[in-house]
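Please look through the model shown here, beginning with a single residue and moving outward to the whole chain.

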Amino acid sequence: MASSSRPFVRSRHDRMLAGVMGGIARRFGWSSTLLRVIFVIVSIASAAFPGILVYLILWLLMPDEADAA
């Protein structure tokens with residue numbers, strides 16, 4: 001699978017806030033817009049899924065694309 005060679009980093013070019021969703025989308029070859037929409041819908045629809053907290057944790061844990069290079 002080609003996605004195993006791509007690093008798990010925040011995107012510098014495909015970002016709305018911190019590049020977390022853009023980085024995840026690029027890693028797995030998905031559409032970043034679709035991933036963002038799904039993330040927001042799941043975060044709003046489910047009280048058990050703290051979307052903001054998950055996003056903040058990923059922001060802290062995922063290295064920036066420039067730092068990983």
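Leu-60 sits in helix H3. In this predicted model, Leu-60 has a relative accessible area of 73%. Exposed is the word for anything over 50%, so Leu-60 counts as exposed. Leu-60 is also one of four residues in a nonpolar surface patch, together with Leu-53, Ile-57 and Leu-61. The accessible area of this patch adds up to about 460 Å².

Helix H3 covers residues 51-61 and is one of two helices against which the buried residues of H2 pack. The other is helix H1, residues 20-28. H2 itself runs over residues 32-45. Its 14 residues reach 20 Å from the first C-alpha to the last, close to the 20 Å expected at 1.5 Å a residue.

Which residues of H2 are buried? They are Ser-32, Leu-35, Arg-36 and Phe-39. These residues lie on the same side of H2, because they cover an arc of only 100 degrees around the axis. The other side of H2 carries exposed residues, namely Thr-33, Leu-34, Ile-41, Ile-44 and Ala-45. Thus the list of buried positions includes an arginine, Arg-36, while the exposed list includes Leu-34, Ile-41 and Ile-44.

Ser-32 can be followed in more detail. This serine belongs to helix H2, and its relative accessible area is 11%. Buried means under 20%, so Ser-32 falls in that class. What does Ser-32 touch, leaving aside residues up to four places away in sequence? The contacts are Asp-14, Gly-22 and Ala-25. Gly-22 and Ala-25 are among these partners, and helix H1 spans 20-28, so both of these contacts of Ser-32 fall within H1.

The wider view is of a protein with 4 helices and 0 strands. Read from the N terminus, the order of elements is α-α-α-α. The protein has 69 residues, and 32% of them count as buried. Taking contacts between residues at least 6 apart in sequence, 44% join residues at least 24 apart.

The surface closes the tour. The protein has an accessible surface of about 4800 Å². Carbon and sulfur atoms account for 69% of that surface. The nonpolar patch that contains Leu-60 is part of the surface as well.

How values were computed: Residues numbered from 1 in each chain as written. Predicted model: local features only at pLDDT ≥ 70, side-chain atom pairs only at ≥ 80, totals over all residues. Heavy atoms only, no water. Buried < 20%, exposed > 50% of the residue type's maximum accessible area, 1.4 Å probe, protein only. Contact = heavy atoms within 4.5 Å. Expected span 1.5 Å × (residues − 1). Arc of directions from axis to C-beta. Areas by Shrake-Rupley, 256 points an atom, 1.4 Å probe, with all protein chains shown as cover. Patch = residues over 30% accessible without salt bridge, like charges linked within 9 Å, V, L, I, M, F, W, Y side chains within 5 Å. Salt bridge = Lys/Arg side-chain N within 4 Å of Asp/Glu carboxyl O.
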